[in-house]
Amino acid sequence: MNELTEAAHAGLLDAIVQALSVPLPSIAEADERLYYRLLERRALAVRIIVATNRTGSRDPRLAADAIRTRIAEEPVTYGLFEAEKDGGEW
């Protein structure tokens, strides 16, 4: 594997981590539901993009770009966990 390919795969892994690293929700039930829905949608998108890339172009840069685009389309819209307000530290 050459340096360009290694960098492209590292970029894909970074995009996957970004997609699945969503902040914790507040303890409100509605926020927790939104958190799990967002995480589920992002995980499904990552799975589909990576699977498609394996059978299609095989260019990890395209897959990383597609994942980042999807992240932008699925922003965090719920209240965030606050240790002082939500009952302690994590």
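This passage describes the fold, the overall dimensions, the surface and one backbone feature of a predicted model.

The protein chain contains four helices and zero strands, and its elements follow one another along the sequence in the pattern α-α-α-α. Along its principal axes, the C-alpha trace of the protein chain spans about 50 × 20 × 15 Å. The radius of gyration of the protein chain is 16 Å, whereas a value near 12 Å would belong to a compact globule of 90 residues. Where contacts between residues at least 6 apart in sequence are considered, 68% of those in the protein chain join residues that are at least 24 apart.

With regard to the surface, 28% of the 90 residues of the protein chain count as buried, and the protein chain exposes about 6300 Å², of which 56% is supplied by carbon and sulfur atoms. The protein chain carries 11 positive and 15 negative charges, and the mean positions of these two sets are 9 Å apart.

At the level of single residues, the backbone of R58 deserves a separate description. Most residues other than glycine have a negative phi. R58, although it is not a glycine, has a positive phi of about 60°. This residue, R58, is placed in the loop between α2, which covers residues 29-55, and α3, which covers residues 60-73. The side of the cut-off on which R58 falls is clear from its accessibility: R58 counts as exposed because its relative accessibility is 61%, and exposed residues are those over 50%.

Definitions and conventions: Residues numbered from 1 in each chain as written. Predicted model: local features only at pLDDT ≥ 70, side-chain atom pairs only at ≥ 80, totals over all residues. Heavy atoms only, no water. Helix = DSSP H or I, 4+ residues; strand = E, 2+ residues; numbered from the N terminus. Rg over C-alpha atoms; globule rule 2.2 N^0.38 Å. Buried < 20%, exposed > 50% of the residue type's maximum accessible area, 1.4 Å probe, protein only. Contact = heavy atoms within 4.5 Å. Areas by Shrake-Rupley, 256 points an atom, 1.4 Å probe, with all protein chains shown as cover. Lys, Arg positive; Asp, Glu negative; His and termini not counted. Charge placed at Lys NZ, Arg CZ, Asp CG, Glu CD.
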